[in-house]
Amino acid sequence: MSNFPWLSIIIFVPLVGIFFILLIKGDDETTARNARAIALWTSVVTFLVSLGIWINFDNSTSEFQFVEKVIWIPSLDLSYQVGVDGISMFFVILSTLLTVICVLASWVSITDRVKDYMIAFLFLETLMVGMFSALDLILFYVFFEGVLIPMFLIIGVWGGPRRNYAAYKLFLYTLAGSVLMLIAILTMVSVAGTSDMTILLKYDFPASLQSWLWLAFFASFAVKVPMWPVHTWLPDAHVEAPTAGSVILAGVLLKFGGYGFLRFSLPMFPLASADFTPLIFILSAVAIIYTSLIALAQEDMKKLIAYSSVAHMGFVTIGVFSGNLQGVEGAIIQMLSHGIVSAALFLVVGVLYDRIHSREIRAYGGLVTRMPKYAVIFMIFMMASIGLPGTSGFIGEFLILVGAFKVNTWVAAFATSGLILGAAYMLYLYRRIVFGELIKDNLKKISDVNSREIAIFTPLILTVIVMGIYPSLFLDVMHVSVENLVERYQSALASAEYIPTVEQ
Amino acid sequence: MQLATIPDLMPALPEIILAVTTLVLLMLGVFIRSLNIARTIAYACILLLLLAIPLMLVSTDGRVSTFDGAFVVNDFTVFMKTFVLLSAASVILISKDYRKLQSIDSFEFPILIVLATIGMMLMLSANDFLGLYLAIELQSLSLYVIAAFQKDSARSAESGLKYFVLGALSSGLMLYGISLIYGFVGSTNFNIMAEVFKGLSGELPPPGVIIGLVFIVAGFSFKISAVPFHMWTPDVYEGAPTPVTALLSAAPKIAAMGLFVRTMLGPFGEIDDQWQQIIIFMSIASMGLGAFAAINQKNIKRMMAYSSIGHMGYALIGLAAVGGVENAIFRIHGIQGMLVYLVIYVFMNIGTFSCILLMKRDGRMVENIDDLAGLSKTNPGLALIFSIFMFSMAGIPPLAGFLGKLYVFQAAINSELYTLAIIGVVASVIGAFYYIRIVKVMYFDPPVEALNVSISLEIKIVLAITGFVIIFLIFYPMPLISGAEQAASALFTK
C-alpha cells in the first residue's frame, strides 16, 4: 500500500465534495439539506481515509512517509510534494476530525446560504490538510495563505454584529505577517536553489542570513499562534465568528504557527532560533500571565476562551523553543490537546448560544438543574483546559514544563503560575454558568444536549481522556521524528560552538 | 545610386492584412446603409483580431527583421501581440450591450479599436525610433477618439481631451528624448545604437544621452501610467466609456510595457545601470500610490485606475531585476516574471471589467462600489466570480494573481533587490484592503436596491474563460510560464 496516494486523496476529496455541492439545484430548503448531507459525507470519508495514514504509519523512522511528488513548475524547480512525519501526521487527522465536527455543529445553527457555507468549510479542509502535509516551500505557502479566503468569508458572512471589523482584522494581520515570510521563502529558494523541504531541512544557511529568515518567519507565525502582542485579532475573530468558525480557528488555524516554528524555525534556522529563544520565552511568559489575567475579567464566554487560547499557545511556544525532547513533544501534545479542548469549549458555548442567543456570562446561571448532561460535558473540557491529570491538557503542560525547567528555570516558574490563573478563570466561568440558582425566566425551559450534540462531543471526550491516560499512543508515533529534530537542532548548535546565553 | 527594392512584407503580414481589411470594413460601414451594419462589423473585427493570432504564429519563425531593420518579429513580439489581440477582441465582445445601452453603437467603434491594435502591434515590433514614434501615435490617436466616443457625455469628452493633451505632452517629451539620442548616436536604429553603446565599454555615456534616456523613460511611463506620470489615469478611466476603460487597462499596457522593455534592453541594454534606478523608483512609487490612493475611492472605475497603476509597479519589478545583473538566467527570469505578471493581470482585468459592465440599475449603468451591496444575495454567481477576481488581484493563493506576484518577487530576490521586494509585499497588503472591500460590500453588506443583472452570452463567454484561467492556472501553469520564458530569452539573443 506504500504507493497509495493517501495524502492526495485527503487533500482532494473535499474538492470533489465542493463540486457536487455546486451541482445542487432546487429551492432553498432542499439545497440546504443536500448541501449538509454532501458536506457531512465528504468530511466523514476524508476523516476515515486520514485514519488510514495513522494505521499505516511507520513509527520507527523519522523520514517523511506517504511521499508523493509531481513536478509542478520545472523552471523554478517547484513540485507538488506532500508527505507526513511524526510531527505533522496528527495535525492532518486533527483537521479532518474537526471538519466533521464543524459540519455537524452547523447543522441547525446555519440556515442562511448553507451551500456556500459548506463549500467554504470543505475548501478550508483541503487547505489545512495541504498545509500540514506540504513538503515544498511554495506549495506550503499557497496552502498557508489560501486559508485567508474561506476564513474571511466565514467570519464576514455568517458572523456576528462586528463581523466586518473582525474579518478585516484577521485578513490584514495575517496577510501582513505572511508576505514577509514569502520574501524569506523566496530568499531561501534563491540561496539553496530548491524549494524541496526535505533538502532544505538538511541545508545549513549562513548564520547571518538565518537571523533575517527567522525574523521573517516569526512575523508570520507569531501572528498565527498568536503571540503577545500581536494576538489582538484573535478575540475579535472568535467573538464574531460562527461557532464552527471558532472551532476551526482555535482547533486548527492557531496550530499553523506552532507547526511552522517546529517545521521551519527550529530545524532550518537553528542558530537564529537559539539566539532568539529569550525573546520567545519572554513573549510567551508575558502572554501566559497577561492574557490569563485578562481572561479573568471577561464578560463574554467566547472572548474568555479566546484569551485562554493565547495563554495555552504561550505554553506551546515555550515548549518548542526549549529545544529538547520533552519540550517539543509536550508542545505537540499541547497543540493537539488544545485543538480538541478549545474546539470543544467553543462548541460548549455554541450549545448555549443556539438556545438562548447570548454569549454573555451574566445571562446564564444554575444550568445544572436543567442540563445535567451538559454540565458533565462542560466539566470534562473545563478540567482538560485547566490541565487536570488524566486529561490531555496535563500531559502537554507537564512535558513542556519539564522541558522548560531544563533550559530556563525562570520561564518555567512564570509559566507554572499561569496554570493557577488558568484554573481560576475556568472554574470561575464554570461556576457562573453552571452552578448557582436557576432564576432567569428564559433558562427555565432550556433543554439538555440532544443526541446530535452528544454525537459531536463523544469523540472529543474520548480523545481527551485517551490522550490523558495513555499518551504513548500518540508519543510513540512522534518520538523518532522529534528525536531527529532535536538532534539536528542540538548538533547544529554544537558544531557552531554556540554557547547559549540564557542558561541558568 | 541603388534603387530601393521592395522590402520583405512577410514578417509584417498580419499587420498589413489587419490594416487593409479594417479600411475595407470602414468603407463598408460608410457606404452600406443598413441597421445591422454596426453589429456585423463588430463581429468581423473580432474575427479579424482572432484570426491574426494563428496567422502571426505561422508566418514567423525565429527572429526576422525587415524594412531596413526598422521592424522586428521574434518570440517576444509574437507572445505580446497574442495577448494584445486577445484583449482587444474580448473588449469588443463585452462592449456589445454597453454600446447599445449608451447609444454609441456605431461601426467606427470596433474599427477604431482595431486601428489602435494595429498601432500596438507595430509598437511591439518597432526596432527604430521613428517607427516606434509612428506606431505610438497611431495607437494613441485611435484611443483618444474612443475615449471621447460617448458624444453626449461631458465626462467622456473631458476624459478624451485630458487623455489627448497629456498624451501629446508625453509624445513630445519622448520625441525630444529621441532627438537628443539621435544627436549623440547618429542613428535611430536600435541595433546600431546598441553597437554604439557597447563601444563605450563601461564608460559613462555623455550627459546628453542620459537626459535623452530620461525623457524617453518619462514618455513610456505616461503610456504605462507609472508614477510620477500617472495623473491622467484616474480621470480618463473614470470618464471613458467602460469598455474603453477595459481596453485602456489591458492592451495598451501590454504594448507599451513590451516596447518599454525592448527599448531598455535593446538600444540601452549596455547602459542598464543608468536606467535601473529610475525603474526601481517608478516601481516603488507606483506600488505605493496604487495601494494608498485606491483606498478612499467610491467609483469602481477610478479604483481600478489606481489598481492598474499599482499593478504596473509590480510588473516593473521584473524590469528592474534585469538591470545591473550579470547572470543571464536571472536576466531572463526578470523579464519572464514581468510577462507572467502582465498576462495574468490582463486576464484579471478583462474579467473584472466584464463584471463592472454588468452593473446596471433601471437601464442605467452604475459605477459606485456601494451599488454592489448585497450582490451575493441577488446574484450569487456574479458575486462569486467578482470576488475571485478581487482575491486574485490581491495576490492571494491559490488564484493566478499570486503566481504573477511570486514570479516578480522571485526575480527581485534573485537580483538581490530586497528592499524593492519588501516594499512590494507591504504595498500588496495595503492593496489587499481595497480589493477585499469589494468582497465585503458584496457579501457582508445588506442589499440595497438590487442591480438588474442580465448576463449576455458574450460576457458569459469572457467571464467563463477569464475565470477559468484565474482559478485553474495554478494547477497547470506550464504553458504560460514556458511561453514567457521563450519570449524573454528572445530578447537576449541577438
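1. Let's start with a spot in chain B that is easy to look up: B:Pro398 sits in the loop between helix H16 (380-393) and H17 of chain B. The peptide bond that leads into this residue from B:Pro397 is cis, with omega near 5°. Please keep in mind as you read on that this is a predicted model.

2. Chain B has a further cis bond to look at, running from B:Val227 to B:Pro228, with omega near 10°. Here the proline belongs to the loop between helix H9 (207-223) and H10 of chain B.

3. Stay in that loop for a moment, since B:Ser225 is also found between H9 and H10 of chain B. Its phi is near 50°, a positive value in a residue other than glycine. Is B:Ser225 buried or exposed? B:Ser225 is buried, because 27 other C-beta atoms lie within 10 Å and 20 or more are enough for that label.

4. B:Phe67 makes a nice companion to the serine. Phi of B:Phe67 is likewise a positive value in a residue other than glycine, near 50°. You will find B:Phe67 in the loop between strand E1 (64-66) and strand E2 (71-73) of chain B. This phenylalanine has 16 C-beta neighbours inside 10 Å, so it counts as partly exposed.

5. Now follow the H9-H10 loop of chain B into the helix itself. Why can helix H10 (residues 232-239) of chain B be called largely enclosed by the rest of the structure? Seven of its eight residues are buried, so the description fits. The buried ones in H10(B) are B:Trp232, B:Thr233, B:Pro234, B:Val236, B:Tyr237, B:Glu238 and B:Gly239. As for what surrounds them, the buried residues of H10(B) pack against four helices of chain B: helix H6 (129-147), helix H7 (154-185), helix H11 (242-265) and helix H13 (300-320).

6. Chain A offers a helix of its own to set beside that. In helix H6 (residues 148-158) of chain A, eleven of the eleven residues are buried, so this helix too is largely enclosed by the rest of the structure. Among the buried residues of H6(A) are A:Leu148, A:Pro150, A:Phe152, A:Gly156 and A:Trp158.

7. Next, the nonpolar interior. In soluble globular proteins, nonpolar side chains tend to be buried together. In this model the largest nonpolar core has 400 residues, and those with the most contacts inside it are A:Val247, B:Cys45 and B:Ile113. The element that gives the most to this core is helix H14 (residues 328-357) of chain B, with 18 residues.

8. A:Val247 is worth a click in your viewer. Which residues does A:Val247 touch, leaving aside its neighbours within four places in sequence? They are A:Leu98, A:Ile101, A:Cys102, A:Ala105, A:Ala343, A:Phe346 and A:Leu347.

9. Where the two chains meet, the contact draws 26 residues from chain A and 24 residues from chain B. On the side of chain B that touches chain A, the elements giving two or more residues are helix H17 (400-414), helix H18 (418-443) and helix H20 (478-492) of chain B. H18(B) gives the most to that side, with ten residues. By residue type, the side of chain B that touches chain A divides into 19 nonpolar, three polar and two charged.

10. Stepping back to chain A as a whole, its secondary structure comes to 19 helices and two strands. Its radius of gyration is 22 Å, close to the 23 Å that the globule rule gives for 504 residues, so chain A is as compact as a globular protein of that length. Taken along the principal axes, its C-alpha atoms fill a box of roughly 70 × 55 × 40 Å. Buried residues make up 60% of the chain. Of the contacts in chain A with a separation of 6 or more, 81% join residues 24 or more positions apart.

11. Chain B, for its part, has 20 helices and four strands. The radius of gyration of chain B is 22 Å, close to the 23 Å given by the globule rule for 494 residues, so this chain is as compact as a globular protein of that length. Its C-alpha trace spans about 70 × 60 × 40 Å along the principal axes. In chain B, 61% of the 494 residues count as buried. Residues 24 or more positions apart make up 81% of the contacts in chain B with a separation of 6 or more.

How values were computed: Residues are numbered from 1 along each chain as its sequence is written. Chains are lettered from A and ligands numbered from 1 in the order in which they are written. This is a predicted model: local features need pLDDT of at least 70, side-chain atom pairs count only at pLDDT 80 or more; totals for chains, interfaces and linings use all residues. Two residues are in contact if their C-beta atoms, placed from the backbone, lie within 7 Å. Ala, Val, Leu, Ile, Met, Phe, Trp, Tyr, Cys and Pro count as nonpolar, Asp, Glu, Lys and Arg as charged, and the others, Gly among them, as polar. The radius of gyration is taken over C-alpha atoms; the globule rule is 2.2 Å times the number of residues to the power 0.38. A residue is buried if 20 or more other C-beta atoms lie within 10 Å of its own, exposed if 12 or fewer, and partly exposed in between; C-beta atoms are placed from the backbone. A nonpolar core is a set of buried Ala, Val, Leu, Ile, Met, Phe, Trp, Tyr and Cys residues joined through C-beta atoms within 7 Å.
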